[in-house]
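This report concerns cysteine pairing, helix packing and selected residue environments. Please consult the sequence and the model shown below while reading.

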Amino acid sequence: MPHLGYLSAAAVEAALRQLASTYPSICQLLTLPEPSVEGRAVHAVRIGSDSGERTGLLVLAGVHAREIVNPDLVVSFALRTCQAYTAGEGLAFGGKRYGPDDVRAVVDGLDLFCFPLANPDGRVWAQSPAGDPMWRKNRNPNPGRPCMGVDVNRNYDFLWSSGIGTSTDSCSEVFKGAGAFSEPETRNVRHLLDEYPQIDCMVDVHSYSELILYPWGDDDNQTTDPAQNFANPAFDGQRGVVGSGYREYIPQPDLDWHLDTGIKVRDAIAAVRGRVYTLQQGVGLYPTSGTSNDYAYARHFVDAGRRVYAYVFETAREFQPPRPEGAQVIEEGSAGLMELALACVTTLPPAAHGAVAGSP
């Protein structure tokens, strides 16, 4: 079976507990407030040495059940980071190497939040002999509707009611749920962003396509007209049709940071074994709404808090690569995460930590 050799949902949980107990001085187990639909406890870890003022990076994975490699990737990255820091060593991912100073910069300068399995029920079903290895959604029974499951990555409060790239049909793979944040999986991510306001960076790790995606996902970007934005009802009904005239506002410094950092991440991944991921705006894959990275980045436009620079990584060339290939995907994905972590420590613009300029 294609999932053989990958961690089960229970093994991911056990790995997080073991990580926190093995490295208690730098790793804290975080219990998320909402159990899964089927009652499973859900955890993340926070890695950091707690020395001085810090920024934060949230690494999310395991949102879509069939994307089997990414929870293992995040667990591996967290473990190897803790091991290297404790030993005073660097990290090597294939042909990409980071020195001990890089590892110290991340652990001493960053709160690294690793949430490797946001959708444990879906993973259990995808890995079960009686289940469906291509299952995407969570396992919400959707009472009164014909089919189970909500697409967790269409359930966030970003243009949720717009219908862009989503469906109201419970049988659709992109069923957006009964309402924004109707699902415990999305509420747990919101909790992390609310509870830990130092989070300035986020990446949601998905599969597949070998892509690095930056905001926005609903329509083309533009940097000159702040009024043309997702929160302006004057443009309701115009978004989501690329080339129609509507374009989503993003401040030029934010766009520049996403592009510059994305190039560094792309090059770090390529150094592992030569695979060159494509850096592109999220809408270039297809128009979407209700997604994690757009929600995270959109928050500061709504409440003028800290802005969260947010990406999606689309790893691999298939949902469930054979385990030897999966090991290579873990190596290159880990290099990408390390590069992003270093950028979040060293290159965030000052506006990330204070008042928002140019917001709609």
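Does Cys147 count as buried, partly exposed or exposed, and at what relative accessibility? Cys147 counts as partly exposed, because its relative accessibility is 23%. In this report, buried means under 20% relative accessible area, exposed over 50%, and partly exposed in between, with a 1.4 Å probe and protein chains only.

The model is predicted; local features need pLDDT of at least 70 and side-chain atom pairs count only at pLDDT 80 or more, while totals for chains, interfaces and linings use all residues. Residues are numbered from 1 along each chain as its sequence is written, and side-chain values use heavy atoms, with hydrogens and water left out.

**Cysteines**

The structure holds 2 disulfides, a disulfide being a pair of cysteine sulfur atoms within 2.5 Å. With the bonded cysteines of the protein chain numbered in sequence order, the pairing reads 1-2, 3-4.

| Disulfide | S to S distance and S-S torsion |
|---|---|
| Cys147 and Cys171 | 2.0 Å; about 75° |
| Cys201 and Cys344 | 2.2 Å; about -125° |

The torsion of about 75° is why the disulfide of Cys147 and Cys171 is right-handed. This pair links distant parts of the chain: Cys147 and Cys171 are 24 residues apart, each in the loop between α4 (120–127) and α5 (184–195). Helices (H or I, at least four residues) and strands (E, at least two) are DSSP runs, numbered from the N terminus. Like its partner, Cys171 is partly exposed, with a relative accessible area of 40%.

The disulfide of Cys201 and Cys344 is left-handed, because the torsion about its S-S bond is about -125°. Here too the pair links distant parts of the chain: Cys201 belongs to strand β7 (residues 199–207) and Cys344 to helix α8 (residues 323–346), 143 residues apart. Cys201 is buried, at a relative accessible area of 0%, and Cys344 is buried at 1% relative accessibility.

Other cysteines have no bonding partner. Cys82 is one of them: the closest cysteine sulfur, in Cys27, is 4.7 Å from its own sulfur, too far for a bond. For Cys114 the closest cysteine sulfur is also in Cys27, at 8.0 Å, again too far for a bond. Cys82 is buried at 0% relative accessibility, and Cys114 is buried with a relative accessible area of 1%.

**Packing against helix α8**

Helix α8, which carries Cys344, packs against helix α6 (residues 252–273) at an angle of about 145°, with the axes 8 Å apart. Axes are lines fitted to C-alpha atoms, for helices over the stretch in contact, and angles run from 0 to 180 degrees between N-to-C directions. The crossing of α6 and α8 is right-handed. A crossing is left-handed if the near helix is turned anticlockwise from the far one by less than a right angle, and right-handed if clockwise. Contact here means heavy atoms within 4.5 Å. Residues making it include Trp257, Lys264 and Arg273 of α6, and Glu325, Glu339 and Cys344 of α8.

Helix α3 (residues 100–109) also meets α8: their axes come within 9 Å and cross at roughly 60°. That angle makes α3 oblique to α8, since angles under 35 degrees count as roughly parallel, over 145 as roughly antiparallel, 65 to 115 as roughly perpendicular and the rest as oblique. The crossing of α3 and α8 is left-handed. On the α3 side, the contact is made by Asp102, Val103, Ala105, Val106 and Gly109, and on the α8 side by Met338, Ala341, Leu342 and Val345.

**Selected residue environments**

Gln281 lies in strand β11 (residues 278–281) and is buried at 12% relative accessibility. Its side chain makes a polar contact with the side chain of Asn221 at 2.9 Å. A polar contact is a pair of N or O atoms within 3.5 Å; within protein, one must be able to donate a hydrogen and the other to accept it, and residues adjacent in sequence count only if both atoms are side-chain atoms.

Leu213, in strand β8 (residues 211–214), is buried with a relative accessible area of 5%. Leu213 and Gln281 are 68 residues apart in sequence, yet their C-alpha atoms are 5.3 Å apart in space.

Asp72 is found in helix α2 (residues 70–87) and is buried, with a relative accessible area of 5%. The side chain of Asp72 reaches the backbone nitrogen of Leu7 at 3.0 Å. Not counting residues up to four places away in sequence, Asp72 touches residues including Tyr6, Arg123 and Arg323.
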